[in-house]
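Me: Please take a close look at the salt bridges in this model, and tell me where the paired residues sit and how accessible each partner is.

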Amino acid sequence: MLEKGKNTYATIKFADEYISTQYPQNNPLRVHFSVLTDDEKEAYLRSALQEIEKLPFLGRKYIVSQKFQFPRIRSGSMHGITPTYASMFVGNVCENIIPECVMQAQVENALGVIANEISAVSDKQFMTLQSLGIIKNTKYNKREAGDLGFGSDITGATSKRCPLSSSKAYALLREWLGGVYVC
């Protein structure tokens, strides 16, 4: 079971609410996510979290020994106070919160993982259609096959140089990132 701050940034409830407000009802990713079981949703959210945790974030962890990258202290924002000392403060000096953009990025990245799986299946279906001779024109490409329901680009997936499965997730995290990737 996912618990915010312990083994996830975004809960299943948050993910469901976010997707229902950010994506149209007939969006393939929204539809796909809505029919998943809670265990399947949890698996995708965990997968998304693993990708996010590998990124080079600015600043430092709120508490040095915390499991995940967030909550964080931006470099220079604590005026020389160490993270363990800062964790004793509440309110104006420092807040032990996970930014909403990070929770949203986890959900978007989970959708990116799903989209990549859908795309991989679409690629296999397209190659099968070619091998069966259903698609005979060698210039016929995968984008054109989208009209058949195979391989249409619904993913929002990133380039191979981007460390996340979703360019939207990367954009949401950009203010916290120290490295430079092209997505």
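Reply: What follows goes through the salt bridges one by one and ends with a nearby topic, a polar loop residue.

The model is predicted, and it holds two salt bridges. In one of them Asp16 pairs with Lys41, and the closest N and O atoms of this pair are 2.8 Å apart. Because Asp16 belongs to helix H1 (residues 12-22) while Lys41 belongs to helix H3 (residues 38-53), the pair ties together parts that are 25 residues apart in sequence. As for accessibility, Asp16 is partly exposed, with a relative accessible area of 31%, whereas Lys41, at 6%, falls under the 20% limit and therefore counts as buried.

The other salt bridge joins Glu42 and Arg46, again with 2.8 Å between the closest N and O atoms. Here both residues lie within helix H3, where they are four residues apart, about one turn of the helix. Glu42 counts as buried at a relative accessibility of 13%, while Arg46 is partly exposed, its relative accessible area being 32%. As a general point, side chains of opposite charge can pair when their charged atoms come close.

Turning to the loop residue, Gln69 is found between strand E1 (60-61) and strand E2 (72-73), and Gln69 is buried, with a relative accessible area of 18%. The side chain of Gln69 makes a polar contact of 2.6 Å with the side chain of Arg72. Leaving aside residues up to four places away in sequence, Gln69 touches Tyr9, Glu53, Phe57 and Lys61.

Conventions:
Residues are numbered from 1 along each chain as its sequence is written. This is a predicted model: local features need pLDDT of at least 70, side-chain atom pairs count only at pLDDT 80 or more; totals for chains, interfaces and linings use all residues. Side-chain values use heavy atoms; hydrogens and water are left out. A salt bridge is a side-chain nitrogen of Lys or Arg within 4 Å of a carboxyl oxygen of Asp or Glu. Helices (H or I, at least four residues) and strands (E, at least two) are DSSP runs, numbered from the N terminus. Buried means under 20% relative accessible area, exposed over 50%, partly exposed in between (1.4 Å probe, protein chains only). A polar contact is a pair of N or O atoms within 3.5 Å; within protein, one must be able to donate a hydrogen and the other to accept it, and residues adjacent in sequence count only if both atoms are side-chain atoms. Contact means heavy atoms within 4.5 Å.
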